[in-house]
Amino acid sequence: MKKSLLALAVVAVAASANAGTVYDKDGTKLYLDGRVQSVFYNGNHAKSVAQNDSNIKNTGRFGIGGKTQITDWVAGFGYAQWDVADGSKDEGFEARDQYVGADFGDFGKVQAGRYRDSVYYVENITDHYEDAADNLSGNFNGARRGGQLTYTYDNYGFHGQLGVQTAQDNAKVFSNKAKVMGFGDKFAIDSGVNLALGYTIDDVVFGPLSFRAGYNYMKGQKDNDFVIGTNGDHSFDKFKHAAAGVQWGNLSSGLFLGALYDYAKFEKVDLTDDDDAKVKGFELIGGYAFDNGVSFLIGYESAKYERDDLVDFKVKRIPVFVNYKLNPNFNIWTEAGFNAGSDHGASKSVDKTVFSVGARYTF
């Protein structure tokens, strides 16, 4: 069967733009997915190559996964996905998601590996833009972490997740504004636990209504576990992250509304006494999806960053996103982000108008 799987995968990639499931027989499935996109960014954008230079960036993404029925009540699954840069900076494949697990059907599933933690179930309420948003929620789950074990139950409108974080070096706990806060984006984790709860009511006026909450707690490596400078990691004592939100409607059809509150705190960054870093704020989102494939979103973001006497600034932005999905495989979009009272000089782009236009092919 191994030869058959490989042959089918090669044929599918070479001959089909919409690969999807390339093997499905006797309870075993193999599937491929991915995307290729080009995006034009104006000179103010954080994605641009310099402060005032506009540019076009190409990126790709490739994933492969499988699922096999072990018994009547449990199936094993695995998935891996990589981001692919265009090679202009000698960048190659970079791991995104990597996990393996067991699916018990109505009784939930267990998985282990590299992915977003449980709190992302809450942050996903507002994570529907491309590059001009997520100044708050994008800080913590924009990058995946390895060493996780998670149980997920999703049935009868109820959603529950419970995760355990094991020790990791070079982990991106706080990535989006880490440098502005005065430290890098690499952290040494000792252990942690995360959870999320949610309940969805179907068909309330114009769509499903969902309430969500999540919490993440982690301890940093210290004493004999942490060696300063070994991996460029930053140490910390404790990290606490809480989020709550509500989502109403469906992104794929009709009206969509959402709201998110996010709070995070590092205690004793670099194990310095009384050196705490905090991020808190909220994000609002609203939009509408038409039957012809056109959809739009508009939002408001307000975040406050604090690190003792070193850092104290606010980010307030209005993101706008318009997308046209020509068919299931191809879409084009334009996106803009407007300053709504951000502190000047907090970081690149936050107090300026940014603009982008992109096209994506998804398979």
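## Strand assignment and model

Strands are DSSP runs of at least two residues, numbered from the N terminus. In this predicted model, strand E18 covers residues 354–362 and includes Arg-360.

## Arg-360 and its surroundings

Arg-360 has a relative accessible area of 10% and is therefore buried, the limit for that class being under 20%.

Two polar contacts involve the side chain of this residue. One, of 2.6 Å, links the side chains of Arg-360 and Gln-37; another, of 2.8 Å, links the side chains of Arg-360 and Glu-130. When neighbours within four places in sequence are set aside, the residues in contact with Arg-360 are Arg-35, Val-36, Gln-37, Glu-130, Asn-329, Phe-330, Asn-331 and Trp-333. Gln-37 and Glu-130 thus appear in this contact list as well as in the polar contacts of the Arg-360 side chain.

## Nonpolar surface patch

A nonpolar patch of about 790 Å² is present on the surface, formed by Phe-158, Leu-162, Val-193, Leu-195, Leu-197, Tyr-199, Ile-201, Phe-211 and Tyr-215. Two or more of these residues come from each of strand E8 (158–165), strand E10 (187–204) and strand E11 (207–220). The greatest contribution to the nonpolar patch is that of E10, with five residues.

Tyr-199, one of the patch residues, belongs to strand E10. Its relative accessibility is 42%, so Tyr-199 is classed as partly exposed. This value also satisfies the patch criterion of over 30% relative accessible area.

How values were computed
Residues are numbered from 1 along each chain as its sequence is written. This is a predicted model: local features need pLDDT of at least 70, side-chain atom pairs count only at pLDDT 80 or more; totals for chains, interfaces and linings use all residues. Side-chain values use heavy atoms; hydrogens and water are left out. Patches are made of residues with over 30% relative accessible area and no salt bridge: like charges are joined within 9 Å, nonpolar side chains (Val, Leu, Ile, Met, Phe, Trp, Tyr) within 5 Å. Accessible areas come from the Shrake-Rupley method with a 1.4 Å probe; for residues, only the protein chains shown count as cover. A salt bridge is a side-chain nitrogen of Lys or Arg within 4 Å of a carboxyl oxygen of Asp or Glu. Helices (H or I, at least four residues) and strands (E, at least two) are DSSP runs, numbered from the N terminus. Buried means under 20% relative accessible area, exposed over 50%, partly exposed in between (1.4 Å probe, protein chains only). A polar contact is a pair of N or O atoms within 3.5 Å; within protein, one must be able to donate a hydrogen and the other to accept it, and residues adjacent in sequence count only if both atoms are side-chain atoms. Contact means heavy atoms within 4.5 Å.
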